[in-house]
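Student: I'd like to take a close look at one small part of this protein and then work outwards from there. Could you walk me through it?

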Amino acid sequence: MSEMANESTGRAQQAGQTAKQEASATAGQAREGASQVVGTATDQVRAVTGEARAQAGAIAGDLRTRVTEEAEGQTRRGAQVMRQWADDLAGLADSADADSPARSLVTQAADRGHRAADYLDSRGVGGLVDDLQDFARRRPGAFLGGAVVAGIAVGRLAKAGSKADGSGPGRSAQPRTSGSRSLSEDAAPPGLPGHGEV
């Protein structure tokens, strides 16, 4: 009986060792599997992050290209409008009297308009920005003063435009009169419409 007990004990020990070995092997496989999962997850995160960076870079580049193209288009349209105004002014100067002081002023304005349009056509947005940056570095006070004056002018133009089309706050699209009182027909000076015959 003791032999059987020894055999049983031996089998139990052998079974215990086999279970330990299997448990150790299973734990090792689990650790190896977990490290593979972590490695795969890390690789996936890196791949997704790299792809997201690449897409963000592509989107930023595309946006920059679109903004540049739009700015160039606006500059070309601005140059065309300026050239048209300069042509109109030159036409006015040509039809004015030769000795008129207004003719020389209009001619100068037309020449400056043509030069500005040519500048915008040749330099584009990039050249304009470069020249502005250079001017701002050389003369910061004049640049800031010019920016303030330009801001005030744009604000006034926008305000005048909203008043003219009746979209200003509390404004209606009714024609404006020159004063608070209108002139009666009898109060108008002779020779003006509204007084007797025209």
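Let's start with glycine 126: which label fits, buried, partly exposed or exposed?

Tutor: Glycine 126 counts as partly exposed, because its relative accessibility is 36%, and that label runs from 20% up to 50%. Keep in mind that we're looking at a predicted model.

Now let's see where this glycine sits. Glycine 126 belongs to helix α2, which covers residues 101–138. Find threonine 68 too: the C-alpha atoms of glycine 126 and threonine 68 are 8.8 Å apart, although 58 residues separate the two along the chain.

Next, follow α2 with your eye. At glycine 124, α2 bends by about 100 degrees. You can also check the helix end to end. If a helix of 38 residues were straight, you'd expect a span of 56 Å, at 1.5 Å a residue, but the end C-alpha atoms of α2 are only 36 Å apart.

Glycine 124 turns up again when you ask what is tucked away. The buried residues of α2 are Ala110, Gly113, Ala117, Leu120, Gly124, Val125 and Gly127. Three of those names come back if you look across at threonine 75, a residue of helix α1. Leaving aside residues up to four places away in sequence, threonine 75 touches Leu120, Gly124 and Val125. Threonine 75 is itself buried, since its relative accessibility of 13% is under the 20% cut-off.

Let's stay around α2 a little longer and turn to charged side chains. Arginine 123 pairs with aspartate 131 in a salt bridge, and their closest N and O atoms are 2.9 Å apart. Arginine 123 is partly exposed, at 39% relative accessible area, and aspartate 131 is partly exposed as well, at 31%. There's also a network here: Arg83, Asp118 and Asp121 are joined by salt bridges that share partners. In total, the structure holds seven salt bridges.

Two more of these pairs are worth finding in α1, which runs over residues 2–95. In one, arginine 66 meets aspartate 62 at 3.4 Å, N to O. These two are four residues apart in helix α1, which means about one helical turn lies between them. Here's the general idea: an α-helix has 3.6 residues a turn, so residues three or four places apart point the same way. As for accessibility, arginine 66 is exposed at 55%, while aspartate 62 is partly exposed at 37%.

The other pair is aspartate 43 with arginine 46, whose closest N and O atoms are 3.9 Å apart. That distance still counts, because the cut-off for a salt bridge is 4 Å. Both residues lie in α1, three residues apart, again about one turn of the helix. Arginine 46 is exposed, with a relative accessible area of 59%, whereas aspartate 43 is partly exposed at 46%.

Finally, how confident is the predictor in what you're seeing? Across the protein chain the pLDDT averages 74, and 74% of the residues score at least 70. Among the elements, your helix α2 has the highest mean pLDDT, 85, and α1 has the lowest, 78. Over residues 170–198, though, the pLDDT is below 50, and that stretch has 14 contacts in the model beyond near neighbours in sequence.

Key. Residues numbered from 1 in each chain as written. Predicted model: local features only at pLDDT ≥ 70, side-chain atom pairs only at ≥ 80, totals over all residues. Heavy atoms only, no water. Buried < 20%, exposed > 50% of the residue type's maximum accessible area, 1.4 Å probe, protein only. pLDDT = per-residue confidence, 0-100. Contact = heavy atoms within 4.5 Å. Expected span 1.5 Å × (residues − 1). Bend = angle between axes of the 7 residues up to and from the residue.
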